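Let's take a walk through this fold together. Have the model open and follow along as we go.

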Amino acid sequence: GGDGPTAPARTPPDAVTVAMELLSPEGRADPYPLYAAAHRLGPVSGIGDGWFLVVGYDAVNQVLRRTGFGVSGAQISPQRLAEHASLALLAPSILESDPPEHTRMRSLIGSVFTQRRISALEPMITAAVDALLDRLAETGARRADGEAVDFMAEFAFPLPVAVICEMLGVPDADRQRFRTLAAGLTTALEFMSDPEGLAPADAAATELADYFTALIADRRAGRREDGEDDLVGALLAARDAEDARLSEAELLANLTLLLVAGFETTTDLLGNGLGALFDHPATARRLRSADGDVAAFVEEVLRYESPVQLTSRVALADGLEVAGVPVPSGSRLILLLGAANRDPARYRDPDTFDPSRTAVKPLSFGVGAHVCLGNGLARLEAAVAFPRLLARFPDLAPAAPPTRRDRAVLRGYETFPVRLGRPR
Ligand code: HEM
């Protein structure tokens, strides 16, 4: 037989192309096909200029746990810090520090942010959830039949705000302002945020720093009655103790971090979870009647749609390797948490949402030294919120397709119009 025409070979994208496309609007809207392509290339790929893309579950897990890798925030140049109040404010925080600073601050803040303290918040969280559901029911009653309500604005955003402000001892009257400031500052946490884009973050940082400075001064002067036992009080006590285990800049940085780290991330978990419920009515039915496993549902939402899609590290030592790939000192590693959570080597049918999976250990909160301090809190908020939401609004349904925020790091919805139906 003769040589028939051969189909043109479709060249799979290389790692550089995958990385570029992940930063494009289309890639941000739906990164999952790109993650699948990256997995086919291997757990770790060099993308030039000393940068590496890490997508394998085991590889990401390893990098986060090993001491040879530092946080890249610690690498921001003094010049950039001088130019941007947002970067300077957060730079001394635990998130951006390596040992020994990290170890010292982490044990201090960790001792305040205990599982016991978090569990003790459940009644407060339940009350905050119910207050928002009451307000939704009132809003629904005022609206014409079937008119849409934005779940993000009316529930997913205010809940974490209320909870963190309660923990930090931020008075009710200041919460609205905090929402705006925190939203402004989170752009500083975006990966490779362009310098121009930092202007609103810088403005927000300056205002937040002033706010906390005044709050701290008031507390020191005994001008505020509120709880000795809240986070501000506990951190202040550590700062003002004989051995001053926290500098003033660190106190401010960590208060700000606690505020911003738990806002949009938890909002996104709630929005992403709602999307999963609408796509999986049987799961919703089980959670509504309280015989569903809400913890397993939340873990699968975290795995399937990680609110934080990526973090990064810098190789601090010579001779390091990850999954057999040598990573010279000074290399920068982009750790795709959202891709690791869908590693076919770790999860069967990784692109299928399945809350009946067992042994789900998503990397959505990181692992190792920097593992999210608020993970217990975020999980608790979601576990309290979903069954109560579903029980209160049994006919809850999407009113229009949700819209996404166009971000590379934080994955979540901007708006999610829903029809509430009659409340119970
Ligand atoms: C660290 C995700 C909610 C406070 C982290 C990290 C991730 C993460 C991935 C590690 C970053 C890294 O290693 O580079 C999330 C997600 C959340 C959430 C997905 C919600 C669904 C919260 C909440 C709080 C919080 C509610 C506090 C109220 C922190 C802090 C750190 C951190 C303080 C820094 C820990 C350290 O550097 O030692 N979070 N977070 N997070 N998170 Fe969260």
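We'll start with the sheets, then move to the ligand and the helices around it.

Keep in mind that what you're looking at is a predicted model. A good place to begin is the open sheet built from 5 strands, which run in the order S1-S2-S8-S5-S3 with mixed pairing. Look at its two ends: strand S1 (44-48) and strand S3 (69-71) are the edge strands, and each has a single partner strand, so one side of each is left without a neighbour in the sheet. The sheet isn't flat either, in the sense that neighbouring strands are turned by 35° against each other on average, ignoring direction.

Now zoom in on one pair inside that sheet. Strand S5 (residues 310-315) and strand S8 (residues 332-336) run antiparallel to each other, joined over 5 bridges. If you want a landmark to check the register, find Thr311, which sits opposite Leu335 in S8. Helix H1 (residues 15-22) packs on this sheet, where it touches S1 and strand S2 (51-54). The direction of H1 makes about 80° with that of S1.

There's another sheet to find, with 3 strands in the order S4-S12-S9, open again, and antiparallel in its pairing. Strand S4 (149-150) and strand S9 (397-398) are the edges here, each pairing on one side only. S4 meets strand S12 (residues 417-419) in the antiparallel sense over 2 bridges, and you can pick out Asp150 with its bridge partner Pro417 in S12.

Next, the ligand. Which residues come nearest to it? Of the 23 around the ligand, they are Gly262, Thr265, Gly366, Cys372 and Gly374. Helix H15 (248-261), helix H16 (264-279) and helix H20 (375-392) are the elements that give two or more residues to this shell. Sorted by class, the shell holds 14 nonpolar, 8 polar and 1 charged residues.

Two of those helices are worth following a bit further, namely H16 and H20. Their axes come within 10 Å and cross at roughly 35°, and the crossing of H16 and H20 is right-handed. On the H16 side, the contact is made by Thr265, Thr266, Leu269, Leu270 and Gly273; H20 answers with Ala378, Glu381, Ala382, Ala385 and Phe386. By class, that H16 contact with H20 comes to 6 nonpolar, 3 polar and 1 charged residues. Thr265 ties the two parts of this story together: it is among the residues that come nearest to the ligand, and it also belongs to the H16 side of the contact with H20.

Definitions and conventions: Residues numbered from 1 in each chain as written. Predicted model: local features only at pLDDT ≥ 70, side-chain atom pairs only at ≥ 80, totals over all residues. Pairing = 2+ DSSP bridges. Helix = DSSP H or I, 4+ residues; strand = E, 2+ residues; numbered from the N terminus. Axes fitted to C-alpha atoms, helices over the stretch in contact; angles between N-to-C directions. Contact = placed C-beta atoms within 7 Å. Near = placed C-beta within 6 Å. Nonpolar A, V, L, I, M, F, W, Y, C, P; charged D, E, K, R; others polar. Left-handed = near helix turned anticlockwise from the far one by under 90°.
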